[in-house]
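Dear colleague,

Please find the structure below, handed over for your own study. A description of what was found in it follows.

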Amino acid sequence: MAHVTRRIGLSLGADICWPICYEEIVNKLDLSVPHKGDTVKVEIERVTIEPFDLRQPCRYDVVVDRLTHWYHTSREWIKKAVLMDDLYVFNNPWSVQSMEKQTTYCAMMHLGMPIPETWLVPPKSYEALPDLGPTLKSYAKLFDLGVVGKSLGYPMFMKPYDGGGWKGVSRIADEAALRARYDESGKLVMHLQKAVEPFDRFVRCIGFGPQTKIIRYDPGAPLHDRYTMAKDFVSAEEASILRDTTLTINAFFGWDFNSCESLSKDGVWYPIDFANPCPDSQVTSLHYHFPWMVMANVRWSLFCAVTKRKMRRTLDWDPFYEIAKTDLPYREKLRAYAKIADARFETARFEEFCATHLANLDEIAWEFFGTQTAKDAVRKKVTALFPAAEVEQFTELFWNRIGAWRSDLKAGAK
Ligand SMILES: Nc1ncnc2c1ncn2[C@@H]1O[C@H](COP(=O)(O)OP(=O)(O)O)[C@@H](O)[C@H]1O
Ligand SMILES: [Mg+2]
């Protein structure tokens, strides 16, 4: 029986609060897990950015990555380590790099998800490249935006095909506004999408491996109030649809950590934005839900590291397509897709791992989120984002919401 150490690397950017909490909680867990005849310990390190030899080995078993979507040195280091050193990383970096909103809409439409009617239109203007003139003269068909608008109907949303963070998004009420917004859209390649309005509920369902959390979202509220603390706003069947939807998307695209936005109207949940691998993890937006996110990260990363879970380097979409082409009703198909997702995320084995080796996580997290260290971590993040005069007020606000989470956890445990 050997003593072995698994190393988890945190590949971080401007993250401040969650890594502190994550590290503290993992250290307090002080794991010593029997696994296949060995006793496994876990160490956490922050990954540094530096030149690397493509043939150098990798110190890490798992990397929790926050940089791939914009910092290319880290992305390429991660890709090298997955290809050459058997690294497991959240999320599949090739998928993060190439799967835009557009791809995710098309794939999930094919699987039968009720994505609102969506068109893609060529951009209003272009970078002056040498081949541009001949290409457009020969092949770009003059089109009447008004006709596309009529076909979709108003109101609609115009948004970049590869968008994120509400950049370039506008709500369009009529044809005049459509023409005006298109004229202003410049070089962006835009989707036009039928508005789901009026919607009765807006949710974000966060997926972390096989763990999901459905949060009611208020897009009109200030940033710190958008994730609401509402409870009991979906039925059991709705919760099951939202979970199956998120797991299907995440398994299909190789995303361990992603968030899926859906709007409910007339009894249907319409997914509208689900290409968000590595979503917001900050206490300043998640507040009450922040401990859940940290704990979900702790559970999934420890499971992957200790059991040396294999990274799925390629995506393998065929089993989903096989189900899509059957005559089953959509709800049945969705259940079958989610079953593939449960197999790929090893849901049963993960739950058993948590029950056996992380049974004290709730208690440790509950204690930790009452400590001065936790409060200081919140204050650090607030200090980085808010004007000096508001630091105290917002630190208290987020701290009190974490306090509410602690009370709810205790009440639930009784
Ligand atoms: N089809 C739609 N129906 C209703 N609201 C929408 C629709 N598409 C986008 N929105 C609104 O615009 C916001 C931004 O659009 P979204 O697709 O989420 O883009 P991003 O990737 O930039 O977050 C959404 O959170 C929602 O409030
Ligand atoms: Mg969005």
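**The open sheet and its helix**

The model is a predicted one, and its description may begin with a sheet. Five strands make up this open sheet, arranged in the order β2-β3-β1-β4-β5, and their pairing is mixed. At the edges stand β2 (33-35) and β5 (88-90), each of which pairs on one side only. On average, neighbouring strands of this sheet are turned by 30 degrees against each other, if direction is ignored.

One pair of strands can be followed in detail. Strand β3, which covers residues 38-46, is joined to β2 by three bridges, and the two run antiparallel. Within this pairing, P34 has T39 of β3 opposite it.

Which helix lies across these strands? Helix α10 (residues 290-306) does so, lying across β1 (3-11), β2, β3, β4 (62-65) and β5. Its direction is at about 150 degrees to that of β4.

**Two helices that cross**

Please look next at helix α8 (residues 236-253) and helix α12 (residues 330-344), whose axes come within 8 Å and cross at roughly 55 degrees. Because of this angle, α8 is oblique to α12. The crossing in which α8 passes α12 is left-handed.

Which residues make the contact? From α8 come I241, D244, T245, L247, T248, N250 and A251. From α12 come L334, R335, Y337, A338, I340, A341, D342 and R344. Sorted by character, the residues of this contact of α8 with α12 comprise eight nonpolar, three polar and four charged.

**Cis peptide bonds**

Two peptide bonds deserve a separate look. The bond from F90 to N91 is cis, and its omega is near 5 degrees. N91 is placed in the loop between β5 and α3 (93-98). Another cis peptide bond joins E197 and P198, with omega at about -15 degrees. P198 belongs to the loop between β9 (190-194) and β10 (201-208).

**Aspartates in loops**

Where is D86 placed? D86 sits in the loop between α2 (72-85) and β5. The phi of D86 is near 65 degrees, which is a positive value in a residue other than glycine. Is D86 buried, exposed or partly exposed? D86 counts as partly exposed because 13 C-beta neighbours lie inside 10 Å, and the exposed class ends at 12.

D266 also has a positive phi, of about 50 degrees, although D266 is not a glycine. Its loop is the one between β12 (257-265) and β13 (268-273). D266 has 9 C-beta neighbours inside 10 Å and therefore counts as exposed.

A further aspartate, D30, is found in the loop between α1 (17-29) and β2. D30 has 9 other C-beta atoms within 10 Å, so D30 is exposed. How far apart are D30 and E100 in sequence and in space? They are separated by 70 residues in sequence, while their C-alpha atoms are 39 Å apart in space.

**Where to begin**

When you open the model, I suggest that you start with the sheet and its order β2-β3-β1-β4-β5. You may then turn to α10, which lies across β1, β2, β3, β4 and β5, and afterwards to the left-handed crossing of α8 and α12. The loops may be taken last, among them the one that holds D86 and the one that holds D266.

With kind regards

Technical notes
Residues are numbered from 1 along each chain as its sequence is written. Chains are lettered from A and ligands numbered from 1 in the order in which they are written. This is a predicted model: local features need pLDDT of at least 70, side-chain atom pairs count only at pLDDT 80 or more; totals for chains, interfaces and linings use all residues. Two strands pair if DSSP finds at least two bridges between them. Helices (H or I, at least four residues) and strands (E, at least two) are DSSP runs, numbered from the N terminus. Axes are lines fitted to C-alpha atoms, for helices over the stretch in contact, and angles run from 0 to 180 degrees between N-to-C directions. Two residues are in contact if their C-beta atoms, placed from the backbone, lie within 7 Å. Angles under 35 degrees count as roughly parallel, over 145 as roughly antiparallel, 65 to 115 as roughly perpendicular and the rest as oblique. A crossing is left-handed if the near helix is turned anticlockwise from the far one by less than a right angle, and right-handed if clockwise. Ala, Val, Leu, Ile, Met, Phe, Trp, Tyr, Cys and Pro count as nonpolar, Asp, Glu, Lys and Arg as charged, and the others, Gly among them, as polar. A residue is buried if 20 or more other C-beta atoms lie within 10 Å of its own, exposed if 12 or fewer, and partly exposed in between; C-beta atoms are placed from the backbone.
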